[in-house]
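Here is a friendly briefing to read alongside the sequence and the 3D view. Please keep both open while you go through the points.

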Amino acid sequence: MNLEQCASVVQGAFLSRIQISPSPEAVKLSVYTMKEMNEWLSPDPTSTENQQDVHVAQERLGSLPLAKEGLVLISLTGQRAVALQREHIGKIIPSNFAIIEPTSELHPDYLEWFINEHPDCRKQLKIATQGSSITALSIQMLRALEIILPPMDDQVKIGSVHRLLHRKNRLLQERIVWEQQYIKQIIMGYLKEEVNR
């Protein structure tokens, strides 16, 4: 089955076309960035990059691609996917992402797992970007992406296991970072004591 048979696939907004100068008529929106996607895919609790914002005309608000729970974003250059969560709601989705809105027969967490982990899907994505100087996916290619669609119960199970495993890995990664910082502080404290003797 092709992805377009169980989801709509569109490209995010070209920010340069919608951005206006700050004014009383403008609405300030946060932008969903690659940083946020990367934090989910490989967390770094010490990351301090600032949030990117844009101003858009109030009357255009209804036609802009805004993040909502249940959407799946795929990086057109990184070829990785993420199912959006509650904390992303309302952020504008830029053109470097494809926006996949699954129908009721496709679970977002399963789709995230399938795109990121299934060997057949990874192979399709690799083939789709070979031979090009710019390794970016096209919206048309994503629509034609062949997916395996098990019953919804199985999709939910696969998606849940994937999300729990991912959460465990994130917590382990955070623990490693905090341990490294703690040990560094102990060592620096020890050196200060040696200097003060």
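The notes below go from the overall fold to one helix and then to two loop residues.

This is a predicted model. The protein holds six helices and six strands, and its radius of gyration is 21 Å, where a compact globule of 197 residues would have a value near 16 Å. Two places are worth a visit in your viewer: helix α3, where eight of 10 residues are buried, and Q79, a non-glycine residue with a positive phi.

**Overall shape and surface**

- Reading from the N terminus, the order of elements is β-α-β-α-β-β-β-β-α-α-α-α.
- The C-alpha trace extends over about 75 × 50 × 35 Å along the principal axes of the protein.
- Buried residues make up 37% of the 197 in the protein.
- The exposed area comes to about 11900 Å², and 53% of it is supplied by carbon and sulfur atoms.
- If you take the contacts between residues at least 6 apart in sequence, 76% of them join residues at least 24 apart.
- The protein carries 21 positive and 23 negative charges, and the mean positions of the two sets lie 4 Å apart.

**Helix α3 and its rings**

- Helix α3 covers residues 108-117, and its buried residues are P108, D109, Y110, L111, E112, F114, I115 and N116.
- Which elements help to cover the buried residues of α3? Among them are α2 (34-41), β4, β5, β6 (97-102), α4 (119-128) and α6 (152-196).
- Four aromatic pairs occur in the structure. One of them joins Y110 and W113, with ring centres 5.7 Å apart and planes at 35°, so this pair counts as tilted.
- The tilted label follows because planes under 30 degrees apart would count as stacked and those over 60 as edge-to-face.
- Y110 and W113 sit three residues apart in α3, about one turn of the helix. Residues three or four places apart point the same way because an α-helix has 3.6 residues a turn.
- Is Y110 buried or exposed? Y110 has a relative accessibility of 2%, so it counts as buried.
- W113 has a relative accessible area of 22% and is therefore partly exposed, since the cut-off for buried is under 20%.
- Ring pairs also bring in F114, which forms a cluster with Y110 and W113.

**Q79, a loop residue with a positive phi**

- Q79 belongs to the loop between β4 (72-75) and β5 (81-83).
- The phi of Q79 is about 55°, a positive value, although Q79 is not a glycine. Most residues other than glycine have a negative phi.
- Q79 has 11% relative accessibility, so it counts as buried.
- What does Q79 contact, leaving aside its neighbours within four places in sequence? Its partners are I74, I115, N116, R122, L125, T129, T135 and L137.
- Two of these contacts of Q79, I115 and N116, are also listed with the buried residues of α3.

**T33, a second buried loop residue**

- T33 is located in the loop between β2 (26-30) and α2.
- With a relative accessibility of 13%, T33 counts as buried.
- Apart from residues up to four places away in sequence, T33 touches Q52 and F97.

Definitions and conventions:
Residues are numbered from 1 along each chain as its sequence is written. This is a predicted model: local features need pLDDT of at least 70, side-chain atom pairs count only at pLDDT 80 or more; totals for chains, interfaces and linings use all residues. Side-chain values use heavy atoms; hydrogens and water are left out. Helices (H or I, at least four residues) and strands (E, at least two) are DSSP runs, numbered from the N terminus. Buried means under 20% relative accessible area, exposed over 50%, partly exposed in between (1.4 Å probe, protein chains only). The radius of gyration is taken over C-alpha atoms; the globule rule is 2.2 Å times the number of residues to the power 0.38. Contact means heavy atoms within 4.5 Å. Accessible areas come from the Shrake-Rupley method with a 1.4 Å probe; for residues, only the protein chains shown count as cover. Lys and Arg count as positive and Asp and Glu as negative; His and the chain ends are not counted. The place of a charge is taken as NZ of Lys, CZ of Arg, CG of Asp or CD of Glu. Rings of Phe, Tyr and Trp (its six-membered ring) pair if their centres lie within 6.5 Å; planes under 30 degrees apart count as stacked, over 60 as edge-to-face and the rest as tilted.
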